[in-house]
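Here is a walk through a two-chain model, written for someone who likes to know the cut-offs behind each term. Have the coordinates open as you read.

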Amino acid sequence: MDLELMSSSIPKLLSATVVTLKLLSLSLFFGLFIGLLFAILRLNKNIIINKFAYGYSYVFRGTPLLVQIFIIYFGFGQIEYLRSTILWVILKEPYWCAIIAFALNTGAYTSEILRSAFQTIKPGFIEAAKSLGIKNKIIFYKIQIPIAIKQSLPAYGNEIILMLKGTSLASTVTLMDVTGVAKYIISTTFKPIEVFIVAGSIYLFITFIIHNLIKYLEKKFSYQ
Amino acid sequence: MNIIKKFSLGLLITLFLTISANADKIKIGTEGAYPPWNSKDASGKLIGFEVELAWALCRYMGKQCVIVEQDWDGMIPALIMRKFDAIMAGMSITAERQKAISFSQGYADEVASLAVMKGSSLEGMDTPEGINLSLGGSDVKKALKTLTGALAGKTVCVQTATIHQNFLDSGDVGKVNVRTYKTQDEVNLDLAAGRCDAALAAAVAFNDYAEKSGKPVVLVGPTFSGGAFGNGVGVGIRKDDTELLKAFNKAINQARKDGVISRIATKWFGFDASM
């Protein structure tokens, strides 16, 4: 075990943690909006809208994240027409390709989490609100959404942790996140065990923080 | 119960036979993704200069061999962890790698080159045809200066953990934006897609891609050798495996004398890349 290599790789990997956290927060930010939108579409009674939303979550939950990144990064890069459009400004950058893939992926899972949370809201809550003459819009924003968020916190916390680990795939499209920098250090030192132990510990530490944050929020939103 | 016992016994015997059958075979690791050095045909069979050379060297050593595939970025760690006994994967002999493993004498050499898509502003650089970084001199200095100016702020793509990446990281051509990929295929894809202003790899790798894909990939600037580009390509062997190193060196000597290396090299490269 090369302890010197381990300690010398810590600062390099920590500065790469910034990239990992940026990827994670931006994908979760966009993913939450996508998820909320598609959860609402899933609850729509119109069969076409409903099936469309279902199809989206079916495709993105049913294919590996790595495949999704490769299709968006290498696949779209091969389409000559796309390269002449304004979209190429975004798709040219590996950073945005990764975020698009991550956001679409986590959006699909989030939509399922939120949908099931909406469906578990007791009809009595909504009927009670209606009987008081509260408008549908206000019922949705002030009653359904807060309850759904509370219901979905444990599952969503899990999704954040899964997404954190998913960001390691950004290194496959040339991004220098924690995994990317770890691979770079290994490429010159040929000692994978030491470097991956440090990289793994960083992911574990971030998970620890996320886990406790979610636990705190769960407590805060509980009825008692 | 009896069936389970018999089944597990059968499984154990099979396992034992497989292990013992492979025990005295030399395992050679290659990437299978760097044509014409080593690659795979449509059916997934390993082919290329080094695959054919490996079989020839094994015949000279009088040993049975197995050729196994390994991703490039884990090649040296896999050798050290005994997943195989020798590397034949277009791996240049460099001082950095020699800290971790031993190399046989070189069996072939190649020059590296920058490549761009036709119509790039990097075309028509005023540099000599080839520079040897080990020799140095005013010609080399002037060429590196021209390259530093031309590549400033440009994105140059390379395969990870290669001599090409080492060269760009060395600062000989100033600060360029280096992007690293797991395989040369991915470098080629992104060069063609326009995400890379230029790419650096073995000149033969670009020629092979241009020929097979029909994409207008052209070589620019000088060809590179020496210095960070190492001293030819050799067989990588664990440091404590001195017997195997001797055997490979002897086999390479004989194969060279018989003209076998140069014959196989000419077949795959289109020119005699042997050394």
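The buried residues of α3(A) are covered by elements that include α2 (47-62), α6 (94-119) and α8 (136-166) of chain A together with α7 (184-193) of chain B. Those buried positions are L65(A), Q68(A), I69(A), I72(A), Y73(A) and G77(A). Buried here describes a residue with 20 or more other C-beta atoms within 10 Å of its own, whereas exposed applies at 12 or fewer and partly exposed in between, with C-beta atoms placed from the backbone. Helices are DSSP runs of H or I with at least four residues, strands are runs of E with at least two, and both are numbered from the N terminus.

Please keep in mind that this is a predicted model: local features need pLDDT of at least 70, side-chain atom pairs count only at pLDDT 80 or more, and totals for chains, interfaces and linings use all residues. Residues are numbered from 1 along each chain as its sequence is written, while chains are lettered from A and ligands numbered from 1 in the order in which they are written.

α3(A) also has a kink of about 30°, centred on I71(A); the bend at a residue is the angle between axes fitted to the seven residues ending there and the seven starting there. The table sets the spans of two helices of chain A beside their expected values, where the expected span is 1.5 Å times one less than the number of residues.

| Helix | Residues | Span between end C-alpha atoms | Expected span |
|---|---|---|---|
| α3(A) | 13 residues | 18 Å | 18 Å |
| α9(A) | 12 residues | 16 Å | 16 Å |

How many residues does each chain bring to the contact? Chain A supplies 12 residues and chain B supplies 18 residues, with two residues counted as in contact if their C-beta atoms, placed from the backbone, lie within 7 Å. On the side of chain A that touches chain B, α3 (65-77) and α9 (178-189) of chain A are the elements giving two or more residues. α9(A) gives the most there, with three residues.

α9(A) is mostly covered, as 10 of its 12 residues are buried. Its buried residues pack against α1 (3-43) and α10 (192-221) of chain A. After α9(A) comes F190(A), whose phi is positive, near 60°.

Over in chain B, six strands make an open sheet with mixed pairing, in the order β8-β12-β7-β11-β9-β10. Pairing requires that DSSP finds at least two bridges between two strands. β8 (130-132) and β10 (177-181) of chain B each have a single partner strand, so one side of each is left without a neighbour in the sheet. Within this sheet, β7 (residues 112-117) and β11 (residues 198-202) of chain B pair in the antiparallel sense over four bridges. One bridge partner is A199(B) in β11(B), matched with A115(B).

Helix α8 (residues 203-213) of chain B lies across β7, β11 and β12 of chain B, running at about 165° to β12(B). Such angles run from 0 to 180 degrees between N-to-C directions, with axes being lines fitted to C-alpha atoms, for helices over the stretch in contact.

F224(B) lies in strand β12 of chain B. Is F224(B) buried or exposed? F224(B) is buried, because 26 other C-beta atoms lie within 10 Å. Its C-alpha atom is separated by 5.0 Å from that of A112(B), although the two are 112 residues apart along the chain. Not counting residues up to four places away in sequence, F224(B) touches residues including I131(B), F167(B) and F229(B).
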